[in-house]
Amino acid sequence: MLLPLLAVLAGLVLLVWSAERFVDGAAATSRRLGVSPLLVGMLVIGFGTSAPELMVSSLAAGQGNPGLALGNGYGSNIANIGLILGLMAILSPLTVHSSVIRRELPVLVGVTLLSALLMWGGLISRAEGGLLLGLLAVMVGYSIWQARRSGPDPLGDETEESLQAHPMSLRAGVIWTFVGLLLLVLSSRVLVWGAVEIAVGFGVSDLIIGLTIVAVGTSLPELASSFSALRKGEHDLVVGNVVGSNLFNTLGVVGLAAVIHPIEAGTEVLMRDWTLMTVMTLLMTAFAIGWKGRPGRINRLEGGMLLALFVGYTVFMVHLVLRSAGAL
């Protein structure tokens, strides 16, 4: 059991480091090639921070562990809202000015509800995975069209400030993009192997391991980038990062994993994990969307509520692992 634990720890450390290099390189490359700051913030950074989830879930599905893929996708969504957004709001209440984020929040609620319909029969098929990927493609296309026709947005302004704070040449951006991607694949392989071995050793499903250790680990890049944005007062970037990542996890990560290998989704996933993910998504939307022309705001009390839900869920899941291992 020691070797799998070391593999998970080493995989997570390398995964976080390589994900940061990949996102920084991809963002700098995109900006140097003339992509607008708004699109860089919406797509490259928002979706790029989900690269670890995509790599881990794709590899897990390809190796016959689709439960790990599903757990990683949904567990990361729970961690993004509860751990990252909740903790950031406790440290500093978050004000949301971006109209882009306010448009994306109802879309996130919609695709979250759709995911329940796909799981209703107990299986997310390849066709349904293709549907999720198709919806992601449509959403990306719409985002590009909307960004080109809309005026300045606080999310774009904050992204531009962040890129100017860490300038990178086109050559360096391309190099770090490929180096980060290569190390992402390597670290994901190590992490998936260790996670599967731990699941076997503890006698629990790979779904549980995906929902806990792997999900929190693959969310660490979002946590790091959110801390960085919070220190600069870039609240829209913090919230946009979580919303974009959750959209990509729900559509891209789960969709691609299902295309690679159909995913069995038991009743417990729908009743336990999906239900909590949906409740947290609805709470985040209610807090952040804003009403009657006023900007949305996630205060410390609301952040504490989201964090408490995450902590309670994590304690319950750890209890399941220990009970399965006979420690309780």
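Me: Where does helix α11 bend, and by about how many degrees?

Reply: This is a predicted model, in which local features need pLDDT of at least 70, side-chain atom pairs count only at pLDDT 80 or more, and totals for chains, interfaces and linings use all residues. Residues are numbered from 1 along each chain as its sequence is written, and side-chain values use heavy atoms, with hydrogens and water left out. A bend at a residue is the angle between axes fitted to the seven residues ending there and the seven starting there; in α11 this comes to about 40° at Asn-249.

Me: What span should α11 have, and how far apart are its end C-alpha atoms?

Reply: The expected span of a helix is 1.5 Å times one less than its number of residues. For the 26 residues of α11 (residues 235-260) that gives 38 Å, and the end C-alpha atoms are 36 Å apart, which agrees.

Me: How many helices and strands are there in the protein?

Reply: Helices (H or I, at least four residues) and strands (E, at least two) are DSSP runs, numbered from the N terminus. The protein has 13 helices and four strands. Its radius of gyration, taken over C-alpha atoms, is 19 Å, close to the 20 Å of the globule rule (2.2 Å times the number of residues to the power 0.38) for 328 residues, so the protein is as compact as a globular protein of that length.

Me: How many residues of α11 are buried?

Reply: Buried means under 20% relative accessible area, exposed over 50%, and partly exposed in between, with a 1.4 Å probe and protein chains only. By that rule 23 of the 26 residues of α11 are buried, so the helix is mostly covered, and 56% of the 328 residues of the protein count as buried.

Me: Which residues have the most contacts inside the largest nonpolar core?

Reply: In soluble globular proteins, nonpolar side chains tend to be buried together. A nonpolar core is a set of buried Ala, Val, Leu, Ile, Met, Phe, Trp, Tyr and Cys residues joined through side-chain atoms within 4.5 Å. The largest one here has 92 residues, and Tyr-74, Leu-85 and Leu-94 have the most contacts inside it. Leaving aside residues up to four places away in sequence, Leu-85 touches (heavy atoms within 4.5 Å) residues including Leu-94, Val-238, Val-239 and Val-242.

Me: Is Ser-188 buried or exposed?

Reply: Ser-188, found in helix α8 (residues 170-202), is buried, with a relative accessible area of 0%. Not counting residues up to four places away in sequence, Ser-188 touches Leu-15, Pro-52, Met-55, Val-56 and Leu-59.
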